[in-house]
Amino acid sequence: MSATTGAGADLVLLPDDVEEDLRASLDRALAARCTPARVAAAYDGDESLAGELWTALVDLGLPALLVPEEHGGAGAGAREAAAVLDVLARHAAPVPYLSSAVVAATTLTALGAGGLLGDLAAGGTAALLVPATLHRADDVVPLVRHDDGTVSGSVRSVTGVAGGVPAGVLLVPVAGPDGADGADGADGAALVAVRPGDPGVDVAPVVSLDMTAPLADVRLDRAPATELPGDARAAVSAGLAAGAALGASALAGTATWALTTTVAYLQQRRQFGRVVGGYQALKHRLADLYAEVEQATATARYAAAALAADDPDLAVATAVAQSWCSEVAVHATEEAVQLHGGLGMTWEHPCHLHLKRARAGALVLGSPAAHRDDLATLVDLPPPHPDQGGSPSWT
């Protein structure tokens, strides 16, 4: 897997006692509150569950995991955050943990923005104002202009800024007054902090497939902004890289839920006098799915371990994990719907919640095709030539 000699050689992928305890504590907290009926209610506009769950996460100290101790955080590592994302996905919990506690917290840590980090450690929320599908800082084209202490412009389809726990601070990549289009201080662009409640800030929720991770369009019209010192491009790159690496754990968690739930159902469902799961054809389908999900879990853990250790194989590990986990999560949830029969098609059964989550999660922070393109570049693999019937993209 590694393109660098020795990279990843010493990474341990088995969960330790701390991660297991963290999983157990969070699972107990969610089991009592995050029922499928309450999650489905989010599609009818009831966002009360999100706030209740976020309070539970704050009580457990989970939003502070990636915040350095000197800024009031727990100073934990990426592996612990990955464990949290895995459990949240298994419950389809509608909280902005990935966008706030991972992407925004990592971005602010790279900037050294201590005050805002302290707010996040105490339970506050923030969001990086870029389209949800972006995963590379080089692709961030600031659409917002910064001039005389205010910002103006708009960004579409941003995650983490709307819903039951909306972001308290927006981290906005901006172009300078001279129109520079980079995201670093050297060419006049930077990262600024904007408060959603201030004048000139309009957050318009949009209809998204997965309403447990709602999207919104944000329009800024001479909104007051505070410039954050530091290397903006490096900070945005670090935030997006951490989000992509750890987002794979959420996708693996969704796939694991689908497999576990389907196996349990087929073990008790009877038809024509025998347990449905006893049919050979279904056993083969489940065995193939088990192999896929185990592989996805392994790639996600490897990406989290590489991020935690700042391993030189991180970029390769992330590309592999994101592309594979995205497709396995979608396949596993589709299988869950089909193998539950008519029950899986009903609104009352949670299959549809996880299927939507898998479909939407496969696009957030980069599609599988985008990550395979990254992987091809990283390992010097040329794309297939169009004359050979191949697509110029690794789709």
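**Notebook: helix H7 and a charged patch**

I began with Thr254, which lies in helix H7, and I note at the outset that the model I am reading is a predicted one. Is Thr254 buried or exposed? I find that Thr254 is buried, because its relative accessible area is 2%, and the cut-off for that word is under 20%. I then looked up what surrounds this side of the helix: leaving aside neighbours within four places in sequence, Thr254 is in contact with Ala89, Thr333, His354, Arg357 and Ala358.

My next entry concerns Ser249, whose place is also in helix H7, a helix that I have down as residues 232–268. Ser249 counts as buried, since I read a relative accessibility of 5% for this residue. Which residues does Ser249 contact, once neighbours within four places in sequence are left aside? I list Ala82, Asp86 and Ala300 as its partners. I also looked up the separation of Ser249 from Asp311, and I record that the two are 62 residues apart in sequence and 18 Å apart in space, taken from C-alpha to C-alpha.

I turned last to Asp21, which I place in helix H1, residues 17–31. Asp21 is exposed, because its relative accessible area is 51% and the word exposed applies over 50%. Which residues form the negative surface patch that includes Asp21? I find that Asp16, Asp17 and Glu20 form it together with Asp21.

Terms used
Residues numbered from 1 in each chain as written. Predicted model: local features only at pLDDT ≥ 70, side-chain atom pairs only at ≥ 80, totals over all residues. Heavy atoms only, no water. Patch = residues over 30% accessible without salt bridge, like charges linked within 9 Å, V, L, I, M, F, W, Y side chains within 5 Å. Areas by Shrake-Rupley, 256 points an atom, 1.4 Å probe, with all protein chains shown as cover. Salt bridge = Lys/Arg side-chain N within 4 Å of Asp/Glu carboxyl O. Lys, Arg positive; Asp, Glu negative; His and termini not counted. Charge placed at Lys NZ, Arg CZ, Asp CG, Glu CD. Helix = DSSP H or I, 4+ residues; strand = E, 2+ residues; numbered from the N terminus. Buried < 20%, exposed > 50% of the residue type's maximum accessible area, 1.4 Å probe, protein only. Contact = heavy atoms within 4.5 Å.
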